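Biologist: Hi! I have a protein model open on my screen, and I would like to learn how to read it. Could you walk me through it?

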Amino acid sequence: MEVHSHEHRHFMPKRPHGLLGLGEAKYKEMYQESINDPAAFWGRIGKTYDWFKPFDDNKVAHSDFHTPDIRWFEGGQTNISYNCLDRHVAAGLGDRPAATFEGDEGEVFPFTYSELLARVSQTANVLRDAGVSKGDRVTLCMPMIPQLMISMLACARIGAVHSVVFAGFSADAVADRIVDAGSSIVITATEGVRGGKTVPIKSIVDNAIIVAEQRGVNVTRVFVTSRNGQAGVEAREGEEGWVSGRDVNMDALAAAASPECEPVAMDAEDPLFLLYTSGSTGKPKGVLHTTAGYMVYAGETFKYIFDHPGPSGAAECSDVHFCTADVGWITGHSYLTYGPLLNGAHSVAFEGVPTYPHPGRFWEIIQKHKVTTFYTAPTALRSLMVHGDEPVLKHDLSSLRVLGTVGEPINPEAWTWYHSVVGKKQLPIVDTWWQTETGGVMITPLPGVTTLMPGSATKPFFGVKPVVLHQDGEVAEANEAGHLTIGQAWPGMMRTIFGDHERFRETYFSQFPGHYTTGDGGRIDEEGNVWIMGRMDDVINVSGHRLGTAEVESALGEHHDVVESAVVGAPHAIKGEGIYCFVTLRAGATPSDELRAALKQTVRKSIGPIASPDAIHFTQELPKTRSGKIMRRILRKIAAGDEEEMGDTSTLADSSVVGRLMKSRQAFA
Ligand code: 6R9
């Protein structure tokens, strides 16, 4: 595979917007300023957004990685929904397309900026009339339908903090998030439809609410929308599961509400949203993002990385952005919703799955909506590659200008396929590295500017200072692998873990004082390209979704036959990493395929189908040190079938267990 660093690649997107006609020298100059004088750099950019009250020029950036205490654009008041909608309507972009939702069966639901503003305002009025106010946490558990984006923006409009929970989670997982957020308001939909299959979202939410109540958090109001307003089952009083007094029909209320709603003036550091993500230990953490810094960072990263001219050039811009992510993940927040809308761009969202009704569905959508910038995950590409080139070649992809990936490292095979078959060897691929915590993209090529290095996310975005550190805190030399950290604050970074600032400090700022620890390994080459080398902690990346191995272990432990388990990630052809579980059973329990199926079911029930184990390896012994610590490094080697480089096993209490486990290794199904 020709993916080495001597092979320089430089592709200009078709019809560049001039923004990026900047060239590498200009990028370097801007980058230097953004690092040397972040306040000047971001202060200037911040002023291109609309404010109800301008921020204080002396308080653009406050960064303290020790407390930690991070603040941006202090003194300013703004509202992100105003910047996404009203601002563009006022500038004459009201009739421009804002968002187009494509349903599972190909139904199309288009919204112009004026229409979206009216719908958001109606929904915001319904929430406000129900007593939802600034600072309240509202849980959104919905399929990929317009009302999801509308509800997020409606929350932002009235200052409520949205917490979007992926609709594929189990009732228990939804309950965890409702409880942690102390959220008494939920917005949901009757059902979701993906790949021709109906997901009973309302009933998952109903069960989640029962569990939440047992844990002391009462949900007092559930706004129920039908799947698409027009299509799907309608939310009705008297239906199974309908709780009178608690459940209300959002569609009816919104239709009757005024399409005008005054946005709340939010302080720059007022919370905007919570998004739960997995860490290496404990329950998922509520990553908190605040108003102004997130807004500016999401907006600017979108503009530069997808080569959009921004609001002032939006009227003449024919770009159509298709991000395949679900809004339940950070990518759907920043690059399906906020980033594109902040720029006056046209965002396409898709309800279904890439292989339904045929494996050319993404390409069909690109052809149908004349998509110009396409953003997806390596796992999706791998799952489509197995169907060959034909489904791609059958469609007209000539509208495409920029291709992007996110979520996990892109392997050379997938990169090459994406570049040659989808991009006809002509388009730049932006391999974007970032995290839920970072709010927006951190390391990425800029199309037309950066020389592409397949396998490398290449260069830091403006304001981002990547630093690779050795375990002892020493800065690594060029090409030396170590912990990827970020050396200074950027506007889009998370501000805390909801309700647990100490966990925030401990997780991200304690290992290397003065640095934000990403949890990823990486190296930086002589030319400053960053090469991401995967997680250094017990987080695994399954089809681009983050999972803590501890979460899966705790789910397995819920089964009465399980005494102990150890979960590791192992290479998986499509998912990137698969979930490999070593399970020790109680005396008297017998290993069987039925028990394997039951354990898988336990995990699905506890977390959701995305956490379903790929292999369950029953064993009465695990490789432990004399002090009783399970050596995960060794389990990872066993799971991968990697007998060669077992490394040092001398600290094991009994090293013969390694050979026995290797013999009984389970292959992924
Ligand atoms: C946006 C998102 C974050 C973790 C991150 C890293 C992995 C994301 C990547 C990548 C290599 C890329 N990751 N993008 N690894 N190359 N381009 O995915 O957020 O769900 O929080 O996951 O995903 O390990 O630490 P999130």
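Modeller: Happily! Let's start with a definition: the bounds of a domain come from an automatic or database domain assignment. Keep in mind that this model is predicted.

Biologist: Which domains does the assignment give here?

Modeller: Domain 1 is made of two stretches, 24-67 + 289-534, and domain 2 covers 538-663. Taken over C-alpha atoms, their centres lie 32 Å apart.

Biologist: How many residues of each domain are in contact with the other one?

Modeller: On the domain 1 side there are 10 residues, and they touch 10 residues of domain 2. Together the two domains bury about 740 Å², and carbon and sulfur atoms give 50% of that area.

Biologist: Which three residues supply the most of the area that domain 1 buries against domain 2?

Modeller: Look for Trp329, Thr379 and Arg382, which supply 53% of it.

Biologist: And how many salt bridges are counted between the domains?

Modeller: The count is 1. Now find Glu437 and Arg546 on your screen: these two form a salt bridge, with 2.9 Å between the closest N and O atoms.

Biologist: Next, helices. How are two packed helices described?

Modeller: By two values, the angle between their axes and the distance between those axes. Try helix α12 (residues 378-385) and helix α14 (residues 412-422): their angle is about 75°, and the axes are 10 Å apart. Angles of 65 to 115 degrees count as roughly perpendicular, so α12 is roughly perpendicular to α14.

Biologist: Which residues make that contact?

Modeller: From α12 come Leu381, Arg382, Leu384 and Met385, while α14 brings Glu413, Ala414, Trp417 and Tyr418. Sorted by type, the contact has 6 nonpolar residues, 2 charged ones and no polar ones. You have met Arg382 already, in the area that domain 1 buries against domain 2.

Biologist: Now the backbone. Where are there cis peptide bonds?

Modeller: One joins Thr67 and Pro68, with omega about -15°. Pro68 sits in the loop between β1 (61-64) and β2 (69-72). Another runs from Tyr356 to Pro357, where omega is near -5°. You will find Pro357 in the loop between β17 (347-350) and α11 (361-369).

Biologist: Is phi of Phe73 positive or negative?

Modeller: Phe73 has a positive phi, near 60°, and this residue is not a glycine. To find Phe73, go to the loop between β2 and β3 (77-78).

Key:
Residues numbered from 1 in each chain as written. Predicted model: local features only at pLDDT ≥ 70, side-chain atom pairs only at ≥ 80, totals over all residues. Heavy atoms only, no water. Axes fitted to C-alpha atoms, helices over the stretch in contact; angles between N-to-C directions. Helix = DSSP H or I, 4+ residues; strand = E, 2+ residues; numbered from the N terminus. Parallel < 35°, antiparallel > 145°, perpendicular 65-115°, else oblique. Contact = heavy atoms within 4.5 Å. Nonpolar A, V, L, I, M, F, W, Y, C, P; charged D, E, K, R; others polar. Buried area = accessible area lost by both parts, 1.4 Å probe. Salt bridge = Lys/Arg side-chain N within 4 Å of Asp/Glu carboxyl O.
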